[in-house]
Protein chains: 2
Amino acid sequence: MSKEIVQQSGGLDNVEGFFTRGVHCGIKKSNNDLAIIFSEVPSAAAAVFTTNQVCAAPVELTRKYLEKNHHFQLVVVNSGVANACTGSRGMDDAKMMSQMAAREFNVVDPSLVAVASTGVIGDFLPLNKIEIGIKKAREFYPHSPSGKDTARAIMTTDTFMKEKAVSFSLNGQEVHLAGIAKGSGMIRPNLATMLGFLLTDAAIDPMSLQRALKSAVDISFNRVTVDGDTSTNDMVLLLANGQRGKRLIDEKHPDFIIFQQALNQVCQNLAQDIARDGEGATKFINLIVQGANKESDARKVAFTVAESPLVKTAFFGEDPNWGRIMAAVGRSGVSIQPERIKVSINGVPFVEGGMGNQKMTRNELRSVVQNKELEIIIDLGLGNAQFNVWTCDFSFDYVKINSHYS
Amino acid sequence: MSKEIVQQSGGLDNVEGFFTRGVHCGIKKSNNDLAIIFSEVPSAAAAVFTTNQVCAAPVELTRKYLEKNHHFQLVVVNSGVANACTGSRGMDDAKMMSQMAAREFNVVDPSLVAVASTGVIGDFLPLNKIEIGIKKAREFYPHSPSGKDTARAIMTTDTFMKEKAVSFSLNGQEVHLAGIAKGSGMIRPNLATMLGFLLTDAAIDPMSLQRALKSAVDISFNRVTVDGDTSTNDMVLLLANGQRGKRLIDEKHPDFIIFQQALNQVCQNLAQDIARDGEGATKFINLIVQGANKESDARKVAFTVAESPLVKTAFFGEDPNWGRIMAAVGRSGVSIQPERIKVSINGVPFVEGGMGNQKMTRNELRSVVQNKELEIIIDLGLGNAQFNVWTCDFSFDYVKINSHYS
């Protein structure tokens, strides 16, 4: 069998045994705001959650249910209201949301229902609208699934829908893996205002599934930063319903590596799209810090530079102001030697020996940063460790979007 | 004698035995760009410098000279070019700047001349223009000093000049203390793109002067954050020429406390002005974190909230989106209990028990954040430690100013 991972169009609809649908239920003025993901059978489940200590009720509830069952059969998601900082009423509302969905889709146990919310912090869930939305979605079952409507229903300030799908062979059987995600402000490593839902019809052992997800998230969603703000509501959830699996695969199976690779690829594609669609973003930046003594140093430098408002506004203005990169490196808290630092952008040397490129004019440098996709390499010249993050620039529109959000 | 500290108009011109002058020498298109501070006699000197490891040549040189002599007689400052990331040529240029100024003002030893620069990183100093500027300033000596022109000459994107002056009695003698400062982007604790020059005609022992300055800076300039970026060029310099001191005062003198209080007050006033004049700022925010287990916790929470782009843009939009404050507290890395947190703004409770104020409408809360000066108190409900920072909001103009700076 081939070890190839094949990109597919069609998003979530490719994955067998799942029904997904997004609808508009009136939490937001227009646009879809409620999503349902239903599996014909309880699915092995894995998830990672926000590290923010101010953690929304749906995150707490879904974490509790996952620890209890390691399986979900249904996921219900709303956008527009985050159900965070809502106290015990918030927790009751999240439970009610899972019960309403369980009833409508004939799931025997509400603890097999994951709930997720994204939107304004502090408001209570409009349960009547959510109930209407669940019923609406139910009417499409089973004949009119729509992964695209589902992807749209979890968006907040995202400007485009994020979905990826692949197929690959596992234990002699072709299986599918697809995911959707939303960004696009309050985006910081260790999850952010981001939601990601990944579905596969492969049959994977729940404990192996959890480790695979953790490992994929570390090299994908945890490498995105838009503004350094981590949200209260984030989760990435992976369901494996085994509908195309002949037998359960775990980490010891020789094919597990291809599952991990496929999962990494889908998560990385979605994560890059989140950076590309950062609030107000006009540029996609892949920032690579190399030549560090250790990975944690490279990571610290990478996030300090990627989150510097001065660096980000300079890129928005297409200003080749490399001094701001140097200043951010210098304040990162990592021990450096300025005269060893090299910085290149899209292969063009901007800094060598800690000083600007003396052979190129500012206009020549400017033409480099006018590209829409930038690869910045910062070489500290000290060791062999490296780390990369994906980010975007900081524009008028970021301020516009975020000054009038709630 | 009275222990009163009396505010004075007139800025630097009040302090006896100093000649200060700002001129335009052509580094910037218009506006003053070169400042001279000359003392009739060598002055006891104290300074604090940027903590950024990428440190500009003038900072390195002035630090070296200070360690050697603990006295300065002359300070020469330019704005427009930072002379940072300029290698050994940058150091030669900084030395040349001190030598040119020493020659022009008949200072016997160039190591009695402090140099400071602020502006774009990476460009070399235009020494010919700086020489013209020094000669121009010299023509005004001694009959036409101007503290206001001096304050203007150190500005970059500042929108108003920052000067403060006080008088008080020390050892039975009325003495003066005055200072000027500049902000207003790349502003972060432990100094930022900020320069501060403080002059007094009191006679203070250099070692005591250094400790007094360090202590004043810790509760003033180190509590300002505009954008979390720390610059390569910052310094605060304090000169005490003793022209009105009958005898040298040190920390053991009972009047030293009034000197410290006066210094604190001038530094705090200047620091608050820097926050008030943050790039693009429309609001001044005094953020107080209290009820922490220890001061370092309160500090971490304060800076995390004050530097959150989402919090800052919400204030710009006069959006009472307190959820972003809670989210920032939750990701600060400090252990908290969300249900114990209270947040008030200008005395109005926004959050109690970790939840929003249920008795007020969003419009009522909005009217509170429409004030131009905001006092935000975040009570963690855990202990007795507190910390405050001064900051501003994040506006379209911040992006505008910083996307086309260099």
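**Close-up 1. Helices α5(B) and α6(B) pass each other in a right-handed crossing.** Everything here comes from a predicted model. The two axes come within 9 Å and cross at roughly 40°. That angle is over 35 degrees and under 65, so α5(B) and α6(B) count as oblique to each other. On the α5(B) side, the contact is made by S208(B), A212(B), S215(B), A216(B) and V217(B). Facing them from α6(B) are F256(B), F259(B), Q260(B), L263(B), N264(B) and C267(B). Sort the residues of this contact by class and you get seven nonpolar, four polar and no charged.

**Close-up 2. Helix α6 of chain B, end to end, covers residues 256–276.** With 21 residues at 1.5 Å a residue, the helix should span 30 Å, and its end C-alpha atoms are indeed 30 Å apart, so the two agree. Now look at what is tucked away: the buried residues of α6(B) are I258(B), F259(B), A262(B), L263(B), V266(B), C267(B), L270(B), A271(B), D273(B), I274(B), A275(B) and R276(B). It helps to recall that an α-helix has 3.6 residues a turn, so residues three or four places apart point the same way. What covers the buried residues of α6(B)? The cover includes the strands β6 (162–170), β7 (173–182), β8 (195–200), β10 (284–292) and β15 (385–392) of chain B, along with helix α5 (206–218).

**Close-up 3. Helices α7 (residues 295–306) and α9 (residues 323–330) of chain B pack at an angle of about 135°.** Their axes are 9 Å apart. The angle is not over 145 degrees, the cut-off for roughly antiparallel, so this pair is oblique too. As for handedness, α7(B) passes α9(B) in a right-handed crossing. V301(B), T304(B) and V305(B) of α7(B) make the contact with I325(B), A328(B) and V329(B) of α9(B). By class, that gives five nonpolar residues, one polar and no charged.

**Close-up 4. A44(A) sits in strand β3 (residues 34–49) of chain A.** Is A44(A) buried or exposed? It has 26 other C-beta atoms within 10 Å, and 20 or more is the cut-off, so A44(A) is buried. Leaving out residues up to four places away in sequence, A44(A) touches H70(A), H71(A), I204(A), D205(A), P206(A), L209(A) and A240(A). If you go looking for R340(A), zoom out: A44(A) and R340(A) are 296 residues apart in sequence and 50 Å apart in space, C-alpha to C-alpha.

How values were computed
Residues are numbered from 1 along each chain as its sequence is written. Chains are lettered from A and ligands numbered from 1 in the order in which they are written. This is a predicted model: local features need pLDDT of at least 70, side-chain atom pairs count only at pLDDT 80 or more; totals for chains, interfaces and linings use all residues. Helices (H or I, at least four residues) and strands (E, at least two) are DSSP runs, numbered from the N terminus. The expected span of a helix is 1.5 Å times one less than its number of residues. A residue is buried if 20 or more other C-beta atoms lie within 10 Å of its own, exposed if 12 or fewer, and partly exposed in between; C-beta atoms are placed from the backbone. Two residues are in contact if their C-beta atoms, placed from the backbone, lie within 7 Å. Axes are lines fitted to C-alpha atoms, for helices over the stretch in contact, and angles run from 0 to 180 degrees between N-to-C directions. Angles under 35 degrees count as roughly parallel, over 145 as roughly antiparallel, 65 to 115 as roughly perpendicular and the rest as oblique. A crossing is left-handed if the near helix is turned anticlockwise from the far one by less than a right angle, and right-handed if clockwise. Ala, Val, Leu, Ile, Met, Phe, Trp, Tyr, Cys and Pro count as nonpolar, Asp, Glu, Lys and Arg as charged, and the others, Gly among them, as polar.
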